[in-house]
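Colleague: I am new to this structure. Please take me closely through one part, the place where the two chains meet.

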Amino acid sequence: MKIIKLVSIWNPKGGQGKSTLAINLAAASVELGLKPLIICQDPQGTSLLYYKSGNLPFEVVDSVPTDRPDADIVIFDHQASDWEVPKNHLIVMPLKPARDQYATYIDAYRRAELLGKKIITVVTDGQEHRANEKDTIDYLKSKGACVIPSSGVFSRAASEYITIFDQKMNKAYKIRERRMEINKILAAILIENEETKNDSK
Amino acid sequence: MIVNNWIDEENARATELVKTGNTTNSRAPLLVKNPKQPTPIRRIRSIYIQESHSLAFDKLVFEHKITKGKKAPELMEEAIELLIEKYSSKE
């Protein structure tokens with residue numbers, strides 16, 4: 001039976017970039033020839049809105065499928081205010097590098113850590129020209145976090161409900177760097193050894 | 001060099017908080033999940049009953065369908081459970 005990589009994008013704090021990260025990681029995996037599936041677990045349905053626009057080269061579903069999905073990687077896009085640590089082993093936690101955002105992140109991180117989860121931290125929307133944010137980013141980097149700086153490409157992509165891997169974004173400013181950062185996170189996910197078999201029938 | 005003096009403070013606070021199992025505001029309402037119950041696996045097995053009973057069952061199913069009540073397999077299961085309760089041994 002094919003092993004499906006399960007990954008949860010989780011942080012109880014809202015507005016950290018969970019859905020943006022979910023759709024862009026899925027798009028990056030398509031570039032690698034993988035078949036992703038996003039399971040939207042958020043009543044706001046942000047990733048579903050992207051899917052319904054018809055611009056995504058992968059599927060987003062609104063609930064956990066009853067049958068085993070035909071996918072290589074399944075990404076759970078969790079909702080804000082969800083304090084229940086995801087059941088699967090691998091969790092990606094995006095956060096913005098401000099103190100109040102960090103406070104919620106570290107509370108949730110500790111909970112996941114206690115359950116032995118593998119956590120990949122992603123600092124999103126950071127502005128390194130601000131000394132305070134730079135310190136936080138450097139600290140999290142030293143702990144192994146990935147970083148996606150604040151960038152106009154995400155809002156530009158959002159305005160058309162597309163991912164940054166869409167061809168329309170090819171000429172966007174610093175698109176190559178942003179795509180590489182997403183690819184780096186995907187690589188960290190894919191090389192994680194603790195793979196989980198999806199037991200759903 | 002780390003200049004932010006709050007990181008250690010937040011880390012220590014979170015470490016203490018996780019020991020309690022609470023959130024920072026434990027009195028605030030928490031998100032309650034209501035996952036759909038999985039449909040039980042049912043096996044098909046033929047039984048012979050009198051026509052009048054079959055018609056009565058069909059009528060019952062029809063009435064439940066109108067009121068959005070239990071479906072035919074659930075009604076059949078309920079009937080079987082009642083039979084088991086009535087005729088099976090108490091041990």
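Modeller: Here is a walk through that contact, followed by a short look at another helix.

Keep in mind that this model is predicted. Start with two helices. One is α3 of chain A, residues 99-114. The other is α1 of chain B, residues 6-20. Their axes come within 9 Å and cross at roughly 40°. Angles under 35 degrees would count as roughly parallel, and those from 65 to 115 as roughly perpendicular. The crossing of α3(A) and α1(B) is therefore oblique. Its hand is right-handed.

Now the residues. On α3(A), the contact is made by R99(A), Y102(A), A103(A), I106(A), D107(A), R110(A), R111(A) and L114(A). Facing them from α1(B) are W6(B), E10(B), N11(B), A14(B), T15(B), L17(B) and V18(B). Sorted by class, this helix pair brings together eight nonpolar, five charged and two polar residues.

Step back to the chains. Their contact takes 17 residues from chain A and 16 residues from chain B. On the chain B side, nine are nonpolar, five polar and two charged.

Chain B has another helix to look at, α2, residues 51-66. Its 16 residues should span 22 Å at 1.5 Å a residue. The end C-alpha atoms of α2(B) are 23 Å apart, so the two values agree. How many of its 16 residues are buried? The count is zero, and α2(B) is hardly covered. After α2(B) comes K68(B), with a positive phi near 60°.

Note on methods
Residues numbered from 1 in each chain as written. Chains lettered and ligands numbered in written order. Predicted model: local features only at pLDDT ≥ 70, side-chain atom pairs only at ≥ 80, totals over all residues. Axes fitted to C-alpha atoms, helices over the stretch in contact; angles between N-to-C directions. Helix = DSSP H or I, 4+ residues; strand = E, 2+ residues; numbered from the N terminus. Parallel < 35°, antiparallel > 145°, perpendicular 65-115°, else oblique. Left-handed = near helix turned anticlockwise from the far one by under 90°. Contact = placed C-beta atoms within 7 Å. Nonpolar A, V, L, I, M, F, W, Y, C, P; charged D, E, K, R; others polar. Expected span 1.5 Å × (residues − 1). Buried ≥ 20, exposed ≤ 12 C-beta atoms within 10 Å, placed from the backbone.
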